[in-house]
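Me: I'm new to reading protein structures, and I'd like a close look at one part of this one. Could you walk me through it slowly?

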Amino acid sequence: MNPTPPAKPKFGFLPQIDSPGYHVLLSAVAILILGPLGGIAAAYMNFSLGFFVGGQVLAGILGSAVTYGYGPEGKHGANYMQTMAASVAGMAGMGVLIQAMTWLGMPMPPTHHLMLFFVCIGMFGVGLGMVYTPILVDRLKLDFPSGFAVANILRALTDKRLLKRSIGQLGGGTGAGVVFAALAERIPAVSASQLSASTIGAGMVVGSRIAVPAVLVGLIGRWITPYLVSIGWLKEGESFRKIGFLIALAMILGAAAVDMTLIGVEAVRRLRAQAGKKAAEAEAKDAWKQVNPRRLVAWIVFWAVALVVVATVVLDQPIFFIVFAVALTSLFVLINGISLGISDSNPISSAFVISVLLMSGLGLKSPLVGLMCGSIVLISCSVGGDMQQDRSTGWRLGTNRTVQFRYQTIGILMGSVMCVILARTFMEAYPVLKVNTFADPKVDVGQWQSAMTFKFVGALQDIGHLAPYKVTALGIGLAIGLVTEILRKVIHASARYKEFVKGSKKGFVVGWILDAIVLPSPYASSFGGFVEFWTTFWFAVGGVGSSAYNSMPKPKPKPGEEDLPEDMSTTSLVGGGLIAGEALYALGVGLHGLIQNVVLKPTAAAAPPPAPPVAPGS
């Protein structure tokens, strides 16, 4: 299966590489431990913040602990496991779509119907991601920075010292996350501060150049809120994000328009550069790259048909818009894959909103139909991008592509089940998650910002009847996004600027001020329009602390040692642990509340005279 003969494992109890026992071992660890861990963290982050940090790094490190006994060849097994675990996490994070259904007042379909719908979307999305892999990974040779980082990590973790150090830092961060979460749950003063370990941890992962712009927009929003009330854009007592999310969304679209244009130009340039080269033809003969194109096309067609049937027959959605969403997905998985490969950004929210706007132009009036159709694009772009990123990791390691595809499909199946279960678990334990804060912004949601749900519901509620001031807000945001991203591209393309920024401490400070304050990335600053101010504050605390620590002089590696990859830095590992720890604590509380509210209460209430029956679904 691999380009070199399988090596014997160091420990006699380990099954031989590529044997049935070997794949059973890897699948069991990924599906029972690593996948649920990443899925819990992803679901919790999307409910609390509105975005989630991919679980590839965490799964890769922990997976390497299992495959360490196989030596350097263990990197393939670790790659299989992180592929499956990341698929579980990505699908579990889509539970916000179920939350959006609740906010919009949609009658909740039966659990098995939702799971079937998500399975069909996920399987269709990974098929599209796989069919575009030869273009994006093999032919265009896009970088896929996160995939590159994971490949480096899997190589590095054949070193026992690095493995122990990584697990220790992750474990310490996870423990601290549990403690932070417990304090916020039990001590009113801590809860009032809206302190969140996962918010700080996310800031630690992304750094100050991403986190600081978010808090600046939050400050601006608080400052201009009275003015927005005076001109009728907000009502007295409403949060800035009630209108800020539209400006922020348009900023993303403006920046994405610039990036997509440049990405198209870059794609054409790379295609021309690769034309006529025989190297690509020679690489295509490598056994580990081979896939059966007929089977892959049959896979895509089968799941596309299954998706249309489930959406129309089982969920009673209009066939025209479902088919239109499936067709749009075929385009967006390619576009978003190019974006991810070049910029390490997968603009799934933009794909969702653009799709809804296009369908609105074709006569779509129902926000519920828009949500179901947008879900097809959103999930497919998410899992398709993960597929391409994982294939880029496999390309660098020489991992068998067909086997990796099989692991990913199993992860999609598990993630679809976890998506529905975790969404309902969290919403039963924390009823505030069921409250449509777009319609009722005065509700105190605490740490449960649900920014992605807020964004989707806000866009869907305006289908076909955008108020004039909201059109103005979109125009302002679009202009900010376009102008800011164009200026950033021009400045960062300057050789003199690059030399100045890298050449001195003064240049470094000027570069930071430009990126974080003067001309921050619209993708980063838009976050301040989606969440409340104190969330952006703790996000910035983590980002500034991480950047400050990483800018300190570090001891030089000893002779024969190499620097750790960026994704294995102390702050990234501890930040990821904080996220996982708070997510695990929240899940424990959520399960406890679910058992009490759903399992124990009906039993305890059986003795007294029965109350009037409650209609199903109420």
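How exposed is phenylalanine 320, buried, partly exposed or exposed? Please tell me about its ring and about the other aromatic rings as well.

Reply: Happy to help! Keep in mind that this is a predicted model. Phenylalanine 320 is partly exposed, because its relative accessible area is 49% and the exposed class begins over 50%.

Let's start with the aromatic pairs, of which the structure holds 19. One of them joins phenylalanine 320 to phenylalanine 321: the ring centres are 5.1 Å apart and the planes meet at 75°, so this pair is edge-to-face. The reasoning rests on the angle, because planes over 60 degrees apart are counted that way. Phenylalanine 321 has a relative accessibility of 11%, so it counts as buried, since the limit for that class is under 20%.

Now compare a second pair, made by tyrosine 430 and tryptophan 448. Here the centres lie 4.6 Å apart and the planes are at 45°, so the pair is called tilted. Both residues sit in the loop between α17 (401-429) and α18 (451-460), and the pair therefore ties together parts that are 18 residues apart in sequence. Tyrosine 430 is buried, with a relative accessible area of 13%, and tryptophan 448 is buried too, at 7%. These two rings also belong to a cluster: ring pairs link Tyr44, Phe47, Phe426, Tyr430 and Trp448.

Rings can have charged neighbours as well. The charged end of arginine 209 sits over the ring of phenylalanine 508, at 5.5 Å from the ring's centre. Arginine 241 lies over the face of phenylalanine 454, and there the distance to the ring centre is 4.1 Å.

Finally, let's go back to the chain just before our starting residue. Aspartate 316 is placed in the loop between α13 (293-314) and α14 (319-343). With a relative accessibility of 65%, aspartate 316 counts as exposed. Its backbone is worth a look: phi is positive, about 60°, although the residue is not a glycine. Why point that out? Most residues other than glycine have a negative phi. Aspartate 18 also has a positive phi, near 70°, and it is not a glycine either. You will find aspartate 18 in the segment before α1 (20-48).

So, to return to your question, phenylalanine 320 is partly exposed, while its ring partner phenylalanine 321 is buried.

Terms used: Residues are numbered from 1 along each chain as its sequence is written. This is a predicted model: local features need pLDDT of at least 70, side-chain atom pairs count only at pLDDT 80 or more; totals for chains, interfaces and linings use all residues. Side-chain values use heavy atoms; hydrogens and water are left out. Helices (H or I, at least four residues) and strands (E, at least two) are DSSP runs, numbered from the N terminus. Buried means under 20% relative accessible area, exposed over 50%, partly exposed in between (1.4 Å probe, protein chains only). Rings of Phe, Tyr and Trp (its six-membered ring) pair if their centres lie within 6.5 Å; planes under 30 degrees apart count as stacked, over 60 as edge-to-face and the rest as tilted. A charge sits over a ring if NZ of Lys or CZ of Arg is within 6 Å of the ring centre and within 35 degrees of the ring normal.
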